[in-house]
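This report introduces a protein chain to a reader who meets it for the first time. Please consult the sequence and the structure shown below while reading.

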Amino acid sequence: MRAQQDGAAEEEKSGCRRPRKRRPSPRIDYPRRGRRGVRRWLPSWRQLLFVVGTGATALTGWLVWFYATTAVPEDLNAFATQQNNVYYWADGTEMARIGPTNRQDVPLDQVPEPVRWAVLAAENETFYTDPGISVTGIGRAVIQMVKGGDTQGGSTITQQYVKNIYLNQRQDMSRKLSEIVIAIKLDDRMSKQDILAGYLNTSWFGRGSYGIERAAAAYYGKDVSQLDPSEGAFLAALLKGAGQYDPGVGPENHKRAEERWSWILDRMVEVGKLSAAERARYTVFPEPRPQPKSAGLSGQIGYLVDMARAYVESHSDITPAQFDLGGHQIRTTFEKPKVDALVAAVQEGSAGIDPDNRESDKLLKVGAASVARDGRIVALYGGPDYLKQGFNNANTTTVPIGSAFTPVVYAAGLGQGTQRQRGGNRTPVTPATTYNGDDGVNVMTPEGPYWGRDGKIVKTANDGKRNWGNVTLRNAVEQSVNGPLMQLGMDVGLDRVQNTATDLGLLPTSLGELVPALAVGNSTPSAVRTADAYATFAAGGTHTDPYSVLGVSRNGVQLPLRLPAAAQALTPAVAGEVDAALKGSARDGAAKSVAEAGPNLAGKPGTTADRTAGWFVGYNGQLSTAVTVFRADLKDMKLLSLEGLGGATPDTSDAALPTRIWTAYMKSPATR
């Protein structure tokens with residue numbers, strides 16, 4: 001001890017002390033000392049293990065906590081309190097009340113075993129052996145979420161049942177995790193048979209039907225106990241999305257439904273629940289019966305309700321299944337006085353039509369739509385009665401617009417000028433620009449005459465083959481001289497004409513081929529879209545897409561609805577020139593017969609070269625209305641000639657009937 005003290009004393013005297021051993025720093029060695037370059041930023045394996053281990057521990061702890069605190073809810077989604085969907089006129093008065101939801105529970109033993117297995121083979125073949133969830137399905141859902149998609153998909157029948165009776169239909173991670181936990185707990189406390197029964201009795205099958213019993217009645221008019229495996233396979237296909245697989249909706253739906261029906265039957269063979277011999281018996285798709293119409297949808301109401309519902313479903317987050325649960329209040333843009341006035345105008349204008357005694361009057365269809373300058377659809381005429389003809393004539397996109405399209409070409413020319421030399425400068429166009437208005441003039445391109453697919457030069461064609469000599473473009477619009485506007489379309493550029501048409505609200509899918517006939521109406525826009533396009537001329541070039549719903553709520557709570565925004569489609573100067581030409585047409589031009597309906601009207605008749613459609617489109621300042629007539633069998637939509645319609649002479653314009661209807665409508669006090 002003494003020696004140690006002496007040694008310490010010597011160190012004091014010499015000023016030299018033995019360094020003390022430092023304690024390790026609590027700081028994590030990152031970036032790593034003693035390393036250079038990239039290696040300094042590479043964590044050690046101990047650091048990696050520490051981070052991964054800490055993360056795994058935290059995640060495991062959170063999952064344990066989430067599992068323990070997530071309880072199976074006591075309150076079910078209230079199917080028993082489902083309500084009607086109520087539609088209102090624009091003024092707030094009730095228009096229609098649709099519902100209630102169609103639902104009826106049945107015991108599982110009343111569902112034939114092949115029908116049960118059609119559902120299981122399509123949705124969850126491991127149902128009887130899984131723990132209520134599918135690990136691989138959950139993995140796919142997580143990958144979807146990471147990619148930025150929603151979390152739907154990969155759900156077992158137990159998970160879908162949980163979503164049906166306990167949870168909302170949102171597709172986010174929180175709801176998905178709750179679904180998984182509740183499904184595991186539910187699988188532990190309920191039998192598989194009870195879960196399957198609950199699922200079949202709460203699933204949505206479309207046509208307002210919740211549960212397989214009412215679905216069997218809605219699609220086949222029978223109890224579920226009477227379904228065969230083929231019919232069961234079709235109903236199972238609807239579980240993937242009735243809005244996409246109900247064949248009564250349209251040809252595309254029918255194709256999807258038939259393909260999935262066939263696939264489900266094949267799956268039943270693969271899982272051993274249908275013999276190959278029995279599968280061979282089912283080669284013809286089991287067509288469901290047409291969907292019956294509600295008595296409350298008679299007259300024009302059904303067309304209005306269909307249009308409003310379609311708008312809500314495409315412009316909100318409300319799914320068709322949620323819509324069928326009811327409780328929604330939909331305030332539409334439709335104005336009852338204008339709808340009534342349009343119906344009366346069609347009846348008045350069509351007074352001479354006699355389909356029982358005149359062959360040329362059979363299969364006549366009339367469609368009309370009235371749109372305000374701000375895009376509100378205030379009235380439409382879809383057909384004689386929704387219960388007799390569900391097809392909406394005002395919203396069809398199979399009827400050519402004919403020469404009623406030429407104001408669009410005029411607007412494109414005024415706005416963009418012409419280019420008659422390939423690669424040359426564009427030349428401005430004015431209303432006073434002149435063109436050859438004779439009949440049978442060669443249609444020209446920068447390289448020379450335009451040759452059609454028939455190997456002949458395409459020529460202009462005026463109504464009545466009349467020769468007009470040189471005419472100004474404004475006069476061509478006013479007098480419906482088609483030839484100059486056909487050539488104008490070529491000079492502007494048909495692609496630019498199409499762009500102008502879409503700016504005015506015509507759907508790209510309804511626009512015709514890029515051939516000279518585009519300028520004189522080979523496109524097939526609906527009456528709704530055509531009226532909306534003309535409303536842009538009245539609104540100084542400001543365009544708003546047509547819409548049929550002002551707002552939607554559920555049980556008094558307003559729900560988000562995406563309404564269209566106004567956009568400047570044309571300059572005010574261009575819109576003003578088109579407006580002036582259309583007013584000239586209605587004053588003393590091709591549409592002068594409508595002048596009796598009042599002052600300051602603007603409009604344009606429309607006819608087609610093959611005489612398959614007649615139009616009149618125009619406006620009175622605030623209200624734009626399009627009327628179309630055509631003859632067609634709705635089974636194949638093959639258009640027939642309008643010649644001789646109403647006993648008219650062969651040289652009577654096919655626009656005569658729609659012009660009479662439009663004029664009668666404009667005379668109504670409701671349109672003032």
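Thr625 lies in strand E19 (residues 623-633); helices (H or I, at least four residues) and strands (E, at least two) are DSSP runs, numbered from the N terminus. The model is a predicted one, in which local features need pLDDT of at least 70 and side-chain atom pairs count only at pLDDT 80 or more, while totals for chains, interfaces and linings use all residues. Residues are numbered from 1 along each chain as its sequence is written, and side-chain values use heavy atoms, with hydrogens and water left out.

Thr625 has a relative accessible area of 0% and is therefore buried (under 20% relative accessible area, with exposed meaning over 50% and partly exposed in between; 1.4 Å probe, protein chains only). The C-alpha atoms of Thr625 and Val371 are separated by 6.2 Å, although these positions lie 254 residues apart along the chain. Beyond its neighbours within four places in sequence, Thr625 is in contact with residues including Ala369, Ser370, Trp662 and Met666, where contact means heavy atoms within 4.5 Å.

Two further residues may be described in a similar way. Thr406 belongs to helix H16 (residues 406-416) and is buried, with a relative accessible area of 0%. Leaving aside neighbours within four places in sequence, Thr406 is in contact with Leu485, Ala519, Val520 and Lys604. Arg207, by comparison, is found in the loop between strand E4 (204-206) and strand E5 (209-210). Arg207 is buried as well, with a relative accessible area of 14%. Not counting residues up to four places away in sequence, Arg207 touches Ala218, Tyr219 and Gly248, among others.

The table lists polar contacts of these residues. A polar contact is a pair of N or O atoms within 3.5 Å; within protein, one must be able to donate a hydrogen and the other to accept it, and residues adjacent in sequence count only if both atoms are side-chain atoms.

| Side chain | Partner | Distance |
|---|---|---|
| Thr625 | Ser370, side chain | 2.8 Å |
| Thr406 | Ser403, backbone oxygen | 2.7 Å |
| Arg207 | Asp246, side chain | 3.0 Å |
| Arg207 | Arg289, backbone oxygen | 2.8 Å |

An open sheet of five strands has mixed pairing and the order E2-E1-E6-E14-E15; two strands pair if DSSP finds at least two bridges between them. Strand E2 (94-98) and strand E15 (557-559) each have a single partner strand and stand at the edges, so one side of each is left without a neighbour in the sheet. From one strand to the next, the twist averages 25 degrees. Strand E1 (residues 85-88) pairs with strand E6 (residues 328-332) in the parallel sense over three bridges, and Tyr87 has Ile330 in E6 as its bridge partner.

Helix H13 (residues 301-314) lies across E1, E2, E6 and strand E14 (549-554), at about 75 degrees to E2. Axes are lines fitted to C-alpha atoms, for helices over the stretch in contact, and angles run from 0 to 180 degrees between N-to-C directions. Among the buried residues of H13 are Ile301, Leu304, Met307 and Tyr311.

Some totals complete the description. The protein chain has 22 helices and 20 strands, and 49% of its 672 residues count as buried. Its mean pLDDT is 87, with 84% of residues at 70 or more; pLDDT is the predictor's confidence in each residue, from 0 to 100. Residues 1-5 stay under 50 in pLDDT and have zero contacts beyond four places in sequence in the model.
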